[in-house]
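Here are a few friendly notes to read alongside the structure. Take the points in order and find each element in the viewer as you go.

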Amino acid sequence: MKKIRRIKKGTETERFWAHVTKEGSKLLSTQCWEWTGPFAGRGYGAFFMNKTYRAAHRTSWQLHNGDPGKLCVLHRCDNPPCIRPDHLFLGTFDDNNKDKAKKGRAPKGEGHKSTKFSDQAILEIRRRAAAGEPHRVIAADYGISQGYTSRVVRGHYRQSALRTRTFLRSDDGREETG
Ligand SMILES: [Zn+2]
């Protein structure tokens with residue numbers, strides 16, 4: 001049976017909002033509510049809760065709408081630090097990739113659809129890990145376990161996704177192209 005983890009009212013909620021400014025994005029001139037730190041990398045906020053870091057925008061979704069489960073929490077405003085509930089929407093991995101491709105953040109031409117993770121998602125997870133993002137943050141972002149994230153990063157899944165590239169592993173488990 002799956003245990004549903006709820007966010008505690010009161011302290012956790014207060015602690016979350018202490019990291020948020022509602023002044024709007026100066027960069028984008030939008031009415032975003034931006035996370036002020038700490039950050040997980042690539043502008044995404046990181047919120048420490050239940051002994052682990054979670055993506056701040058996912059936490060915001062959970063606070064307002066409940067657990068997003070396996071779905072991705074995406075930004076309508078395309079502003080990674082934004083946690084404003086009405087700027088967020090749920091999507092699948094494919095939606096996430098399409099959204100990124102549309103916004104010019106990822107290479108186009110995704111073919112795989114049959115399995116849980118698209119090649120694109122795997123590459124994205126590996127790319128983020130290689131950029132130094134903690135596995136726990138990536139795991140929280142994709143709604144998967146830290147162990148699963150580590151296995152994806154180490155290349156246990158979908159070797160074909162990286163056939164054209166050689167990966168070297170550094171001591172701390174990060175990958176570098178070589
Ligand atoms: Zn926003």
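1. Over how many bridges do strand 3 and strand 4 pair, and in which sense? The two strands pair over two bridges, in the antiparallel sense. Strand 4 covers residues 44-49. To find a spot where the strands face each other, look for Gly41, which stands opposite Tyr44 in strand 4. Please keep in mind that this is a predicted model.

2. Now widen the view to the whole sheet. Three strands form this open sheet, in the order 3-4-5, with antiparallel pairing. Its edge strands are strand 3 (39-41) and strand 5 (52-55), and each of these pairs on one side only. On average, neighbouring strands of the sheet are turned by 45° against each other, with direction ignored.

3. Next, look at what packs on the sheet. Helix 2, residues 56-65, packs on the sheet and touches strand 4 and strand 5. The direction of helix 2 makes about 60° with that of strand 4.

4. A further helix is worth finding here. Helix 5 (residues 135-142) lies across strand 3, strand 4 and strand 5. Helix 5 runs at about 45° to strand 5.

5. Finally, step back to the protein chain as a whole. The chain has six helices and nine strands. Of its 178 residues, 28% are buried. Among contacts with a separation of 6 or more, 46% are between residues 24 or more positions apart.

Terms used
Residues numbered from 1 in each chain as written. Predicted model: local features only at pLDDT ≥ 70, side-chain atom pairs only at ≥ 80, totals over all residues. Pairing = 2+ DSSP bridges. Helix = DSSP H or I, 4+ residues; strand = E, 2+ residues; numbered from the N terminus. Axes fitted to C-alpha atoms, helices over the stretch in contact; angles between N-to-C directions. Contact = placed C-beta atoms within 7 Å. Buried ≥ 20, exposed ≤ 12 C-beta atoms within 10 Å, placed from the backbone.
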